[in-house]
Amino acid sequence: MKHLQDSRPDPFRAEMKIKRWIMPLSVLGEAEQELFNHADCIPALKDGPEQFSFSGASAQHQGSRRSLRMRTLRMFPVMRRLGKDIIASLETVDRNPTKPKEIVTDEFLREFEEQAYSLGIGVIGYTDLPREAVFKDKAVLFDRVIVLAMEMDKDKIDAAPSVETMHMVMDTYYRLGQTVNVLVDYLREQGYAVQGGHPMGGQALYPLMGEKAGMGYHGRHGMLITPQFGPRQRLAAIYCNIKNLPSAQTDQHTGIADYCERCGRCISTCPVKAIYEKPIPHKSGILTHIDGGRCFQYFSNNYSCSVCVKECFFNK
């Protein structure tokens, strides 16, 4: 996949290089558009779910300009570090082999999983791409998905909301994003065609894919609840062309689902009452219980909040 700026005049390319170095996410829209324009891409359904914008939530904050400026300056180093990996996950698809393998052996899959666990991955699942999970106006390249979960530190979650919690959450995003890119390179070196899905943002709803992959059940707080970590994890994905990935067992977490329906602790403890008991229907057919604008505005302005993760019964 040829990058758009390669065919532009030298001054434009120089400006883009500087811009990319200062704030990698400034070219995110361009990188995603290139993926969307790829001949083999799988685009979202017409009524695909909307992807929520962290930056948009922050911009809606009614606080002072000074507080907004201070938050921006505080997050700049973190977002620059994360941005480089997000862009890399999109722009490296042109490194896929021209004649990729499509079948894995059991031995190779065990080696891949051992590699993932050694890098800090806690749970791995496999699923066909649920098309309804792809965000509106986004696209992915392959219809098989490896879903990855990385645990977040319990003591720091239990301190939420706090600066300590925020730093841990962002560090987990960073470590998981780097791990995805390492595993993507590993699969390419072995002859497979893949696309990385970074944990921050991404092209699709990860909790839905994690549930389809048999990893757990997504609670009313919108996060995947796994037997290993409860809701205390971040998710990412690797989209691939591998045809014989294991089939998921999706009926093994009914106990989590039943308890979640009776509990409601995330609803009662949410600081801004952004979690509803009754689901909100969307055009895509997906049901959610989250008021995204209210939730993420508070999340953005209160150290990545994480109160619903802390208070969830399955974190206890």
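**Briefing: a cavity, a helix pair and two backbone details**

A search of the whole structure finds 1 cavity of 30 Å³ or more. The model is predicted. Besides the cavity, this briefing covers the packing of helix 5 (residues 106–118) against helix 7 (residues 163–189), the cis peptide bond between Ala160 and Pro161, and the positive phi of Lys273.

**Cavity**

- Rolling a probe the size of a water molecule over the atoms shows where empty space is left.
- The volume of the largest cavity is about 90 Å³.
- Its lining is made up of Arg220, His221, Tyr259, Cys260, Cys263, Gly264, Arg265, Cys266, Cys312, Phe313 and Phe314.
- Two or more residues of this lining come from each of helix 9 (254–263) and helix 10 (265–269).
- Helix 9 supplies the largest share, 3 residues.
- By class, the lining residues are 7 nonpolar, 2 polar and 2 charged.

**Helix 5 and helix 7**

- Two packed helices are described by the angle between their axes and the distance between the axes.
- For helix 5 and helix 7 the angle is about 155°, and the axes lie 11 Å apart.
- Angles over 145 degrees count as roughly antiparallel, and helix 5 and helix 7 are therefore roughly antiparallel to each other.
- Their crossing is right-handed.
- On the helix 5 side, the contact involves Phe108, Glu111, Phe112, Gln115 and Ala116; on the helix 7 side, it involves Leu183, Tyr186 and Leu187.
- The residues in this contact divide into 6 nonpolar, 1 polar and 1 charged.

**Backbone details**

- The peptide bond that joins Ala160 and Pro161 is cis, with omega about -10°.
- Pro161 sits in the loop between helix 6 (154–157) and helix 7, and helix 7 is also the partner of helix 5 in the packing described above.
- Lys273 is a residue other than glycine with a positive phi, near 50°.
- Lys273 lies in the loop between helix 10 and strand 9 (275–281), and helix 10 is one of the elements that give two or more residues to the cavity lining.

Technical notes
Residues numbered from 1 in each chain as written. Predicted model: local features only at pLDDT ≥ 70, side-chain atom pairs only at ≥ 80, totals over all residues. Heavy atoms only, no water. 1 Å grid on protein atoms, 1.4 Å probe; cavity = no way out; pocket = protein on both sides within 12 Å on 5 of 7 lines; lining within 4 Å. Points joined across faces, edges and corners; volume = space filled by probe spheres on them. Helix = DSSP H or I, 4+ residues; strand = E, 2+ residues; numbered from the N terminus. Nonpolar A, V, L, I, M, F, W, Y, C, P; charged D, E, K, R; others polar. Axes fitted to C-alpha atoms, helices over the stretch in contact; angles between N-to-C directions. Parallel < 35°, antiparallel > 145°, perpendicular 65-115°, else oblique. Left-handed = near helix turned anticlockwise from the far one by under 90°. Contact = heavy atoms within 4.5 Å.
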